[in-house]
Amino acid sequence: MADDLSLDLFGEEPEEPEEPPQQPAPAGPKVWSVSQVNRAVRGLLEDSVEPLWVGGEVGGWTRSRAGHRYFTLKDDRAQLRCVMFAREAERLPTDPDEGTEVRALGELTLYEARGDYQLVVRQLEAEGAEGLWRIAFEKLRTKLEAEGLLDPARKRPLPAYPACVGVVTSLEGAALRDIVSVLARRAPWTRVIVRGTRVQGEGAALEIARAVDAMTRSGLADVVIVGRGGGSVEDLWAFNEEPVARAIVASPVPVVSAVGHEVDVTISDLVADLRAPTPSAAAEGVVPDRDAIVHRLGRVPVQLARALRGSAERRRGAVVGRMSRLARTMERRFAPRRQALDRALARLERDARVALDGRRRRLGTLAARLEALSPLATLQRGYSVARSSDGQVLRALDDLPAGTTFELRVTDGRVAAESLGPVPDPES
Amino acid sequence: MTASKPDETSLEARLKRLDEILAQMESDDVGLEQALKLFEEGVAHVREAEKVLSAAELRVEELLASGETRPLETDEG
């Protein structure tokens, strides 16, 4: 490039390199100071070359304390010094690795103090427009993965019926409006608490991270949605930065990440307990649908009644079952005894009969003996019995004064009789 | 620190209790007396939950740096 500059000062021999400018020697050729030369060349470079894209491989990447980046761009035959000042370098998603193929947009200039010409880089890209973003994303993803933070087992289930939903997003964004309108439609009994934050630009990642912390640690929200509406890779970048990922990972309550439109997966999507493709979808994911609950509640009384009836029937079944089991048990237990009883009864009956027969025979003999003692038998032997009309047996003289009518019982009947008074005793 | 408050009157608590009640009633070892009590409790939860569901307006608040909240105006459609 230097060849293009039609400047012939290099053809002359400088004599006093450290002399201040504009001090011409008394005689001989005009001598330039180094500063003069460098300033002149710098002017030439800056004035004659438009900003340009330069492609090459990154080498010697260093970062100064002030945040400026110094490196070289190389191809197989040449290299070019480059500097990217902190202001621009801050917007880099990541520092490129040694050897990364990049393209840099910048202006050529000359660093006067050293006489080095260099490219002042305004913008640096790798592998197409999103290359460096992709690289930064992969770097952080790998790091978090190594820590086990992307493990699906870490993901917590969302509460089925959150009483309070936390939202971390821009207060001005469409995302908040979308979320609020979905929650109002599906679950208007829900309390919604919003923590506003910038979601893009310088320092947005830290701000989002702090907002997530404040929300998740407030103890108010049962579940937290963090996100924003769609945008360019650069707009969404904060959600690919480590502070946001760490804040989500540290949350004591489940976090739903909802960044942009479906296509882009961000780091916060990966570490969140649930990834929603859009803010609206996140809102739908965190609350149940009112109609679904109403429907479910409507069925509960029927289920309760059925369960109650079932319970009663089981009771009744249990009672009937036990009764019949008891009956069977009794029968089984008493069967042998009943046989014994039957046998005993039979024996008793037999014994009774035997005893009865004996009595009967004995009765016969007793009757015969009684017969012998009976008054009838006495009557047969010739005695008779005198009895008054009222049945009194008349035994002595006093019972039979003269004129007493009485009966005489004889062996085959009765006869009427009358006393004629006592008969004198022949012996008295 | 967990955010879920042990609030027995929340919709979540009621629906959860309803699940428990149904499971208990459908199990074998619940007496008739107990089943009746559960039934009544269940019906009460259904009534209360329906009241919650009929709430009309979404409350939106903003979390302030102090940790307090204040109502937030939103232009939801």
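Chain A holds a closed barrel of five strands in the order S1-S2-S3-S5-S4, with mixed pairing. From one strand to the next, the twist averages 50°. The model is predicted. Chain A also meets chain B in an interface that buries about 3900 Å² between them.

**Barrel of chain A**
- Strand S1 (residues 52-63) and strand S2 (residues 69-74) of chain A run antiparallel and are joined by five bridges.
- Within this part of the barrel, A:Thr62 has A:Tyr70 in S2(A) as its bridge partner.
- Helix H1 (residues 34-48) of chain A packs on the sheet, where it touches strand S4 (101-111) and strand S5 (116-126) of chain A.
- The direction of H1 makes about 135° with that of S4(A).

**Interface of chain B and chain A**
- The contact involves 46 residues of chain B and 45 residues of chain A.
- Of the area buried between chain B and chain A, 67% is on carbon and sulfur atoms.
- Two salt bridges are found across the interface of chain B and chain A.
- A:Arg191 forms a salt bridge with B:Glu61, and their closest N and O atoms are 2.8 Å apart.

**Surface of chain A**
- A:Leu326, A:Met330 and A:Phe334 make a nonpolar surface patch of about 290 Å².
- One of these residues, A:Leu326, lies in helix H9 of chain A, which covers residues 290-373.

Methods
Residues are numbered from 1 along each chain as its sequence is written. Chains are lettered from A and ligands numbered from 1 in the order in which they are written. This is a predicted model: local features need pLDDT of at least 70, side-chain atom pairs count only at pLDDT 80 or more; totals for chains, interfaces and linings use all residues. Side-chain values use heavy atoms; hydrogens and water are left out. Patches are made of residues with over 30% relative accessible area and no salt bridge: like charges are joined within 9 Å, nonpolar side chains (Val, Leu, Ile, Met, Phe, Trp, Tyr) within 5 Å. Accessible areas come from the Shrake-Rupley method with a 1.4 Å probe; for residues, only the protein chains shown count as cover. A salt bridge is a side-chain nitrogen of Lys or Arg within 4 Å of a carboxyl oxygen of Asp or Glu. Helices (H or I, at least four residues) and strands (E, at least two) are DSSP runs, numbered from the N terminus. Two strands pair if DSSP finds at least two bridges between them. Axes are lines fitted to C-alpha atoms, for helices over the stretch in contact, and angles run from 0 to 180 degrees between N-to-C directions. Contact means heavy atoms within 4.5 Å. Buried area is the accessible area (1.4 Å probe) that two parts lose on being put together, summed over both.
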